[in-house]
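Please look through the sequence and the model displayed here before reading on. The report below is meant for someone meeting this structure for the first time.

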Amino acid sequence: MQRKFLGTVRQGKIELLDSTDLVEGTQVLVTLIANDEAEFWLQTSQVSLNAVWDNAEDDIAILFDLP
């Protein structure tokens, strides 16, 4: 089961905004949220660009059977 919590970094440690019943030693996955909206859109766009750019089906050499 996945659960999501918001938090902030203070003095090098992640502090959750709300209290929780997480057991000491529980493993977590941390995803950073960009503070700058432009940075968010840049990263999001890059993922889409990579998916399209690395698409072998659109490779011109395949369309014309070039070596």
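What follows is a short account of the overall layout, the hairpin, the salt bridges and the nonpolar surface.

**Overall layout**

This is a predicted model, and the mean pLDDT of the protein is 79, with 79% of its residues reaching 70 or more. The protein has two helices and two strands, which run in the order β-β-α-α when read from the N terminus. Confidence is not even among these elements, since β2 has the highest mean pLDDT, at 90, whereas helix α2, covering residues 60-63, has the lowest, at 60. Where pLDDT is low, the predicted coordinates should not be read in detail.

Of the 67 residues in the protein, 0% are buried. The protein exposes about 7,100 Å², and carbon and sulfur atoms supply 57% of that area.

**The hairpin**

The strands β1 and β2 pair in the antiparallel sense, and four bridges connect them. Within this pairing, T8 stands opposite E15, a residue of β2. The two strands form a hairpin with two residues between them, and Q11 belongs to this loop, which lies between β1 (7-10) and β2 (13-16). What is the phi of Q11, a residue that is not a glycine? Its phi is positive, at about 55°. Q11 also counts as exposed, because its relative accessibility is 85%, and the cut-off for that class is over 50%.

**Two salt bridges**

How many salt bridges does a search of the whole structure find? The search finds two, and the table gives the residues and the N to O distance for each pair.

| Residue | Partner | Distance, N to O |
|---|---|---|
| D21 | R3 | 2.9 Å |
| R10 | E15 | 3.4 Å |

In the pair formed by the side chains of D21 and R3, D21 lies in the loop between β2 and α1 while R3 lies in the segment before β1, so the salt bridge ties together parts that are 18 residues apart in sequence. D21 is exposed, with a relative accessible area of 59%, whereas R3, at 42% relative accessibility, counts as partly exposed.

The other pair joins the side chains of R10 and E15. R10 counts as partly exposed at 47% relative accessibility, and E15 is likewise placed in the partly exposed class, at 38%. E15 is also the residue that T8 stands opposite.

**F5 and the nonpolar surface**

F5 has its place in the segment before β1 and is partly exposed, with a relative accessible area of 34%. Which residues is F5 in contact with, once its neighbours within four places in sequence are left aside? They are L16, T20 and L22. In addition, F5 and L17 are twelve residues apart in sequence, and their C-alpha atoms are 7.5 Å apart in space.

F5 also helps to make a nonpolar surface patch of about 770 Å², together with V9, I14, L16, L22, V28, V30 and L32. L16 and L22 therefore appear both among the contacts of F5 and among the members of this patch, for which over 30% relative accessible area is required. V28, another member of the patch, has its place in the loop between β2 and α1, the helix of residues 37-53. V28 is exposed, with a relative accessible area of 61%.

Methods. Residues are numbered from 1 along each chain as its sequence is written. This is a predicted model: local features need pLDDT of at least 70, side-chain atom pairs count only at pLDDT 80 or more; totals for chains, interfaces and linings use all residues. Side-chain values use heavy atoms; hydrogens and water are left out. Buried means under 20% relative accessible area, exposed over 50%, partly exposed in between (1.4 Å probe, protein chains only). Contact means heavy atoms within 4.5 Å. Patches are made of residues with over 30% relative accessible area and no salt bridge: like charges are joined within 9 Å, nonpolar side chains (Val, Leu, Ile, Met, Phe, Trp, Tyr) within 5 Å. Accessible areas come from the Shrake-Rupley method with a 1.4 Å probe; for residues, only the protein chains shown count as cover. A salt bridge is a side-chain nitrogen of Lys or Arg within 4 Å of a carboxyl oxygen of Asp or Glu. Two strands pair if DSSP finds at least two bridges between them. pLDDT is the predictor's confidence in each residue, from 0 to 100.
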